[in-house]
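Open the model in your viewer and keep the selection panel handy. We will go from one stop to the next, selecting as we go.

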Amino acid sequence: MAERPRVGVTGNARRWAPSWWCTWLTLRLAGAVPERISVRHAPSGHPLAALVIGGGNDISPEHYGGNLNAKVKLDPERDQLEIDWIRRALEQEIPLLGICRGAQLINVVLGGRLHQDVRPMRQRTHNRPGLLPTKQVRLVPDSNLAAVCGKSRLRVNSLHHQAIRDPGSGLVVVGWDLDDITQAVESSGGRSIIGVQWHPEYLFYLPSQFALFRWLLRRAK
């Protein structure tokens, strides 16, 4: 039997972390060995075949030229940990899946910018957080992400108030919500990078969302 690929999953360090456990379950179902990485969970040292950068608190504004005086919940230790892992993945060409904050941080590492708070920009979608797929997202029909999901119109959940403003080097925007706020990015040069603004780990029961994790394993080193 072929060895299961080991996939690193970054996130918060809390003992009760629903996102980690849902990502763990989804990756196990997809055929991977998930490995938790946080400021309290040291990596095992085993080679990683792929990497998930998970969701969580806001990214410190110092990393993308944001308002340093904004009242936001930050986690600077986690910021640095994940920035280091993203850089390592880029250098070693390890496939990357960014989820919500993770997509934003990949973008920041590649020189992109963020909207620090999208709530004033909302006209056609509400900004109440929810785990159910109530928000509409349209994808570029010929994008890699649309091919992965098997459709160019998605229903997704929403737990964010920040979003990608300008894509970083080597990234292209391929998904938007009804307010034209970026919801997905991918590599424009064939690298194995997808970033989504929603939380597919809570939607693993939908084939279009489980497919993101299957894609990650197909591209695993």
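**First stop: the largest pocket**

Select G55, G56, N57, L159 and H199: of the 19 residues that line the largest pocket, these lie nearest its centre. Bear in mind that you are looking at a predicted model. Next, colour helix 1 (18-30) and helix 3 (101-109), the elements that each give two or more residues to this lining. The pocket holds about 370 Å³ of space. Colour its lining by residue class and you will find 10 polar residues, five nonpolar and four charged.

**Second stop: strand 3 and its partners**

Now select residues 50-53, which form strand 3. Are its two faces covered or open? Both are covered. A50 and V52 are buried on one side, and L51 and I53 are buried on the other. This fits a general pattern: side chains in a regular strand alternate between the two faces of the sheet.

Add strand 1 (residues 6-10), which runs parallel to strand 3 and is joined to it by four bridges. Within this pair, look for T10 opposite I53. Then add strand 4 (residues 96-99), which pairs with strand 3, also in the parallel sense, over three bridges. Here L51 stands opposite L96.

**Third stop: the enclosed spaces**

Rolling a probe the size of a water molecule over the atoms shows where empty space is left. How many cavities of 30 Å³ or more does the structure hold? There are two.

For the largest cavity, keep T10 selected and add G11, N12, S19 and W20; these five lie nearest the centre, among 13 lining residues. Strand 1 and helix 1 are the elements that give two or more residues to this lining, and helix 1 has the largest share, with three. The space amounts to about 110 Å³. Its lining divides into seven polar residues, five nonpolar and one charged.

For the second largest cavity, of about 30 Å³, select A103, I164, T182, Q183, A184, V185, G195, V196 and Q197. Strand 10 (182-187) and strand 11 (193-196) each supply at least two of these residues, and strand 10 gives the largest share, four. This lining has five nonpolar residues, four polar and no charged ones.

**Last stop: the whole chain**

Clear the selection and zoom out to see five helices and 11 strands. The C-alpha trace spans about 50 × 40 × 35 Å along its principal axes. The radius of gyration is 16 Å, which agrees with the value near 17 Å for a compact globule of 221 residues. Colour by burial, and 52% of the residues come up as buried.

Methods. Residues are numbered from 1 along each chain as its sequence is written. This is a predicted model: local features need pLDDT of at least 70, side-chain atom pairs count only at pLDDT 80 or more; totals for chains, interfaces and linings use all residues. Side-chain values use heavy atoms; hydrogens and water are left out. On a 1 Å grid over the protein atoms alone, a cavity is a set of points where a 1.4 Å probe fits but cannot get out, and a pocket is an open set with protein on both sides within 12 Å along at least five of seven lines; lining residues have an atom within 4 Å of a point. Grid points are joined across faces, edges and corners, and a volume is the space filled by probe spheres set on the points. Ala, Val, Leu, Ile, Met, Phe, Trp, Tyr, Cys and Pro count as nonpolar, Asp, Glu, Lys and Arg as charged, and the others, Gly among them, as polar. Buried means under 20% relative accessible area, exposed over 50%, partly exposed in between (1.4 Å probe, protein chains only). Two strands pair if DSSP finds at least two bridges between them. The radius of gyration is taken over C-alpha atoms; the globule rule is 2.2 Å times the number of residues to the power 0.38.
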